[in-house]
There are 2 protein chains.
Amino acid sequence: MADPIRFHFDFSSPYAYIASRGIDALAARHGREVVWRPRLLGAAFKAMGATPIADVPLKGPYFMREFARSARFHGVPYFQPTPFPVSTVSAARAFLWLDARDPAAAKRLAGALFDAYFVEGVNISPAEVVAAIAARPGCDAAEVIAAMGDRAIKEALKAEVDAALVAGVFGAPFFFVDGEPFWGADRLDQIDLRLAQGGF
Amino acid sequence: MADPIRFHFDFSSPYAYIASRGIDALAARHGREVVWRPRLLGAAFKAMGATPIADVPLKGPYFMREFARSARFHGVPYFQPTPFPVSTVSAARAFLWLDARDPAAAKRLAGALFDAYFVEGVNISPAEVVAAIAARPGCDAAEVIAAMGDRAIKEALKAEVDAALVAGVFGAPFFFVDGEPFWGADRLDQIDLRLAQGGF
């Protein structure tokens with residue numbers, strides 16, 4: 001089988017949420033799998049001297065309506081959560097912990113976290129909330145709480161964030177298809193074409 | 001006939017160039033016309049505290065390959081010009097001058113300017129270069145030079161730039177379809193869907 005697609009996401013990115021709903025099915029149509037990698041947008045923003053999009057003059061008001069419109073365009077339910085964005089450190093740690101044991105279960109956890117934030121409007125920042133949501137795909141809440149506080153998991157996330165920066169991942173969703181980088185849910189059509197034709 | 005689509009562009013924006021190649025045909029399929037409005041990205045960047053994309057760490061290297069890829073995706077020829085970006089004050093003034101007399105001719109001039117920069121790699125910043133290119137759609141070079149130095153044209157461009165900022169136009173291409181704002185060549189598909197369905 002050809003190399004898997006790498007899907008970098010932050011749990012507080014609306015476009016990563018939108019892409020998360022379709023990327024595995026898109027890849028499967030071309031006989032590909034998808035590796036999901038959590039990251040923290042804040043680290044890239046710091047490297048770029050950027051601020052969260054909602055706070056940028058002119059751009060902020062546009063995107064606060066664009067998120068929902070793009071979700072409709074992609075046929076995905078969307079609720080604009082507040083606060084926005086939120087820290088997703090605990091969510092990313094829980095994902096990494098589960099991913100090391102069972103990548104498929106980790107994707108289900110990611111789906112549950114995205115839904116909690118972008119469909120139900122639940123603030124997924126607190127560790128207790130992440131642990132409660134992790135119960136949906138069958139995790140033990142106490143075990144998740146312990147994992148999120150585990151030094152090895154903390155360091156694994158730090159390594160993940162650093163590696164993403166080195167690879168040039170500056171936003172979310174960010175994809176690599178056979179080494180070719182794509183940024184944004186609005187590049188899913190280009191990814192689809194590339195997978196179909198092996199380039200364009 | 002329904003209201004025309006407003007198309008805001010800067011002559012040094014690769015995505016505005018890509019969109020310029022298809023927006024009139026897209027609109028015509030839905031019985032719409034397009035009003036082209038030149039602007040200067042620098043003014044919006046200043047309001048946002050932003051820097052030209054090519055100079056942003058991480059983002060810059062990505063976009064220097066993304067421009068050409070998106071052009072291929074849209075079936076448009078593309079040459080990465082240097083210097084990039086360039087000042088497009090003279091080009092925008094020439095456009096505004098011609099647009100007030102003959103909007104169709106002004107679109108032909110805009111096409112010639114975009115082609116000169118993004119197909120031939122000609123630096124379209126100098127007024128003499130703009131005047132020479134304006135001869136392609138039949139303008140008199142001396143008349144264009146005089147127009148670009150005309151105080152009324154200078155003030156018209158300033159008013160255009162200010163009005164775009166007030167309307168929330170922060171990038172290029174930027175479109176308004178019945179008041180709904182769309183940013184980017186990657187929103188042409190959403191514009192198409194909206195025109196087909198009157199919303200989505």
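Is W183(A) buried, partly exposed or exposed? In this predicted model, W183(A) has a relative accessibility of 25%, and because buried residues must fall under 20%, W183(A) counts as partly exposed. The residue sits in strand β4 of chain A, which spans residues 180-183. Its contacts beyond four places in sequence come from both chains: F170(A), G171(A), A172(A), P173(A) and F174(A) on one hand, and K59(B), Y62(B) and F63(B) on the other. One of these partners, A172(A), is 11 residues away along the chain, with a separation of 6.7 Å between its C-alpha atom and that of W183(A).

The contacts of W183(A) with chain B lead naturally to the interface as a whole. Here, 30 residues of chain B are in contact with 30 residues of chain A. The size of an interface is often given as the accessible area lost when the parts come together. For chains B and A, this buried area is about 2900 Å², with carbon and sulfur atoms giving 61% of it. Polar interactions are also present, with 18 residue pairs in polar contact between the two chains. On the chain B side, two or more residues come from each of α3 (41-48), α4 (59-73), β4 (180-183) and α10 (188-197). Helix α4(B) gives the most, with 9 residues. Sorted by class, the chain B side has 18 nonpolar, 3 polar and 9 charged residues.

How are the two copies arranged? A turn of 180° with a shift of 0.0 Å along the axis lays chain B on chain A with an RMSD of 0.0 Å. The copies are therefore related as by a two-fold rotation axis. Within chain B, the C-alpha nearest this axis belongs to D186(B), at 3.2 Å. The interface residues of chain B are also, to 100%, interface residues in chain A, so the copies meet through the same surface.

The charged residues deserve a closer look. Between chain B and chain A there are 8 salt bridges, while the structure holds 31 over all chains. A useful place to start is R69(A), which is buried at 2% relative accessibility. R69(A) forms a salt bridge with E66(A), with the closest N and O atoms 3.0 Å apart. Both residues belong to helix α4 of chain A (residues 59-73), where they are 3 residues apart, about one turn of the helix. E66(A), like R69(A), is buried, and E66(A) also forms a salt bridge with R187(B) at a closest N and O distance of 2.8 Å.

R69(A) has a partner across the interface as well: E180(B), with closest N and O atoms 2.7 Å apart. Since R69(A) lies in helix α4 of chain A and E180(B) in strand β4 of chain B, this pair joins two chains. E180(B) is itself buried, at 11% relative accessibility. Through shared partners, salt bridges join R65, E66, R69, E180, D186 and R187 of chains A and B into one network.

Away from this network, the side chains of K107(A) and D24(A) meet in a salt bridge of 2.6 Å, N to O. K107(A) lies in helix α6 (residues 103-118) and D24(A) in helix α2 (residues 23-29) of chain A, so the pair ties together parts 83 residues apart in sequence. K107(A) is partly exposed at 23% relative accessible area, and D24(A) is partly exposed at 27%.

Notes
Residues numbered from 1 in each chain as written. Chains lettered and ligands numbered in written order. Predicted model: local features only at pLDDT ≥ 70, side-chain atom pairs only at ≥ 80, totals over all residues. Heavy atoms only, no water. Contact = heavy atoms within 4.5 Å. Buried area = accessible area lost by both parts, 1.4 Å probe. Salt bridge = Lys/Arg side-chain N within 4 Å of Asp/Glu carboxyl O. Polar contact = N/O pair within 3.5 Å; in protein donor to acceptor, adjacent residues only side chain to side chain. Helix = DSSP H or I, 4+ residues; strand = E, 2+ residues; numbered from the N terminus. Nonpolar A, V, L, I, M, F, W, Y, C, P; charged D, E, K, R; others polar. Least-squares fit on C-alpha atoms with pLDDT ≥ 70 in both. Buried < 20%, exposed > 50% of the residue type's maximum accessible area, 1.4 Å probe, protein only.
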